[in-house]
Amino acid sequence: MKILNSPAVSPFGGLNFVIEEVLKLKVNKLFEENMPRLPKQTTYSWFDIIMSYWSVFLCGGDCAEDLSINLKDGLENNPFIKIPSPDRVLNRLKSLSVPAKYFSTQRGRKEHHFSVAEQLNRVNLKLLLRLPGFGKDNVVLDYDNTIIFTEKADSERTYKKENGYNPGVGLIGHHIVYVENRNGKSNAHILQHETIDRMTALLNEAGINIDVIRADSASFTYDIIKSMEKAAKRIFVRARMTTGIEKAISKIKNWEEVSLADDIVLRGSTCFTPFERKARGNKSKQSTLKEYRIVVTKQARPDRQLNLFTGEAYNYSIIMTNDFELTNDEVVFFYNARGASEREFDLLKNDFGWNKMPFSKLEQNTVFLIIMAMCKNIYVHMIGRFSRLTSILSPNFRIKKFIFRFICIPAKWVRSGRTRKLRLYGSVAFKT
C-alpha cells in the first residue's frame, strides 16, 4: 500500500454549521451578559469554554479530555471559537457552582443535600426563549426525578440500593427547562413542593405561562398538589392507592370497556376529596381541601385475588386531575404522553454525558448537568432546523446518527478572494 501525505483536514466539518447557527442565536452575547465577568487578560470567553465542551459531545466524545486527546487537531483552526485545554474548561465550570443547601423535613431527622443553581437555570431559560420553536404560552410542564448512579465522593445510597444522585427535572416538550440536583437518599417526594415553587417561580419570571403540570405518583401529597395548583391552571397526577381511593372506586357504577393492546380493560371516573385523613386536626388544611376527579383504569388480575374494599380482582391505575371537561380516554391519553420524559432522560444520560459526570461534588456536577441540558436544548433546535435543509437528516435522529451523517464531513478552511471559505470534501446537499 502506497501512502501520500496531504495537508491536515478536519474530520468534523459539519460542526462549523452548528457553531455558526449558535452564533446566529447570539448565545455568545447571552453568556457574556449573564455569566460572571472574566479577567480582562483571559484568552477564552465563556462561549469558547462552553461551546468547546458541547463540541466534545457533538463530535462523539464523552469527556473533557477528548479536547486534547482526540479532537484537538480537528478543532484547533476553527475560526469561530478558541479551543481551551480540558483543565481550563473544567476549572471554569467549577467556578460556576454555588454551595449546596441542606434541608430537613418536619418529622425527619436526616438532612437532605440539595443543589439549587438558580442563575444557571435562568440562563438556560433565556437560551430557550431565543429558540424559534420554543413557545411560552399555555405550556404543558412535566416534572420528574431520575436516578443517576455514580460513586462520587459525596453520593449517597438511593432506594435502588446503589449510590447516586436524584435530580429533579422540569420539561416542556423536548426541552429541559429546570434542573435541581439532590443526593441519592432524598427520594422524589421529599420537599418536592419547594422544588416545584422554585421551578415555577423562575418560569413565571421568564414570562412562561403554565397551563398544565403533569407528574407521577411521587407528587401525590397534599403540599405538592397545592404548590402545583398555585402555578398551573390544571394538574394531572398519578394517584397512589389509599383507603379513601379504594372506597371511591367501589362507588363507580358506569364502567366502559376499552381495547388496550391485546386486552380489554375497564375505565370509569368519580369525584374524590384526597388528604382528608391528613387534614384532621389541622383547620387550615381542612379549609383548603377540595374535590378532584379521578379516572380509573382497571385490569383483571391473573391471580384473581380480590381487593378488600372494592370486592374485585383487578389492578388499578388512577389519574387525579382538576379538569372536569376532558373525557376519561382523553385524560388517560393526555397523561400518558408524559412518558416521553423517560426518553429524554435516556438521551441526557447516554447522548449528553449525564451518566459520566466529571466532578466529585454535588454542586459542581449540577453545573455540568445544566450545561449539558443546554446542549440538549440546542441539539433539539439544530436537528429540527437542519433536517429541513437536507434529506440526510430526520428530526427524530439520536446524536450518534447526527454525528455520522452530518458532523463527520471532511472539511478545511481556505483563503480565497480575501475571505475564508469552508471547503467540504464530498457531495453534501446542504443549503446554508
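Here a visitor and a guide talk through a predicted model of a protein.

Visitor: Let's start broad. How many helices and strands does the protein have?

Guide: The secondary structure comes to 16 helices and 16 strands. The protein has 432 residues, and 51% of them count as buried. Along its principal axes, the C-alpha trace spans about 80 × 50 × 45 Å.

Visitor: What makes a residue count as buried?

Guide: Buried means under 20% relative accessible area, while exposed means over 50%, and partly exposed is in between. Keep those cut-offs handy for what comes next.

Visitor: Okay, then why is Asp216 called partly exposed?

Guide: Asp216 has 23% relative accessibility. The partly exposed class runs between the 20% and 50% cut-offs, so Asp216 counts as partly exposed. You'll find Asp216 in the loop between strand E9 (210-215) and H9.

Visitor: Which residues does Asp216 touch, not counting residues up to four places away in sequence?

Guide: Asp216 touches Tyr143, Asp144, Val237, Arg238, Tyr335 and Arg338. How do we know these are contacts? The test is heavy atoms within 4.5 Å. As for Asn145, the C-alpha atoms of Asp216 and Asn145 are separated by 9.4 Å, though the two residues are 71 residues apart along the chain.

Visitor: What about Lys161, buried or exposed?

Guide: Lys161 has a relative accessible area of 57%, and exposed means over 50%, so Lys161 is exposed. Its place is in the loop between E5 and E6.

Visitor: And what is notable about the phi of Lys161?

Guide: Phi of Lys161 is near 70°, a positive value in a residue other than glycine. Most residues other than glycine have a negative phi. Arg304 is another case, with phi near 60°. Arg304 lies in the loop between strand E13 (292-300) and E14. At 69% relative accessibility, Arg304 counts as exposed, because the cut-off is over 50%.

Visitor: Now the strands. Why are strands E1 and E11 said to stand at the edges?

Guide: Picture the order first: 11 strands form an open sheet, E1-E2-E8-E7-E3-E9-E10-E14-E13-E12-E11, with mixed pairing. Strand E1 (101-104) and strand E11 (256-260) each have a single partner strand, so one side of each is left without a neighbour in the sheet. The twist averages 25° from one strand to the next.

Visitor: How do you know that E7 pairs with E3 and E8?

Guide: Pairing takes at least two bridges between two strands. Five bridges join strand E3 (residues 139-145) to E7, and the two run antiparallel. E7 and strand E8 (residues 175-182) also pair in the antiparallel sense, over five bridges. Both counts meet the cut-off of at least two, so E7 pairs with E3 and with E8. You can pick out single partners too: Asp144 is the bridge partner of Val169 in E7, and Val169 has Val179 as its bridge partner in E8.

Visitor: What makes E7 mostly covered?

Guide: Five of the five residues in strand E7 (residues 168-172) are buried. On one side sit Gly168, Gly170 and Ile172, and on the other Val169 and Leu171. In a regular strand the side chains alternate between the two faces of the sheet.

Visitor: What do E7 and E8 form?

Guide: E7 and E8 form a hairpin with two residues between them, and Gly173 in the turn has a positive phi of about 60°. The hairpin of E15 and E16 also has two residues between the strands, with Gly417 at a positive phi near 60°. Six bridges join strand E15 (residues 411-416) to strand E16 (residues 419-424), and Trp413 has Leu422 as its bridge partner in E16.

Visitor: Which strands form the three-stranded open sheet?

Guide: That sheet has the order E4-E6-E5, with antiparallel pairing. Strand E4 (148-149) and strand E5 (156-157) are the edge strands, since each pairs on one side only. How do we know E5 pairs with strand E6 (residues 163-165)? Two bridges join E5 to E6, and at least two are needed. Glu156 stands opposite Gly164 in E6.

Visitor: Last one: why is helix H9 called mostly covered?

Guide: Eight of the 10 residues of helix H9 (residues 222-231) are buried. Among them are Tyr222, Ile225 and Met228.

Definitions and conventions:
Residues numbered from 1 in each chain as written. Heavy atoms only, no water. Helix = DSSP H or I, 4+ residues; strand = E, 2+ residues; numbered from the N terminus. Axes fitted to C-alpha atoms, helices over the stretch in contact; angles between N-to-C directions. Buried < 20%, exposed > 50% of the residue type's maximum accessible area, 1.4 Å probe, protein only.
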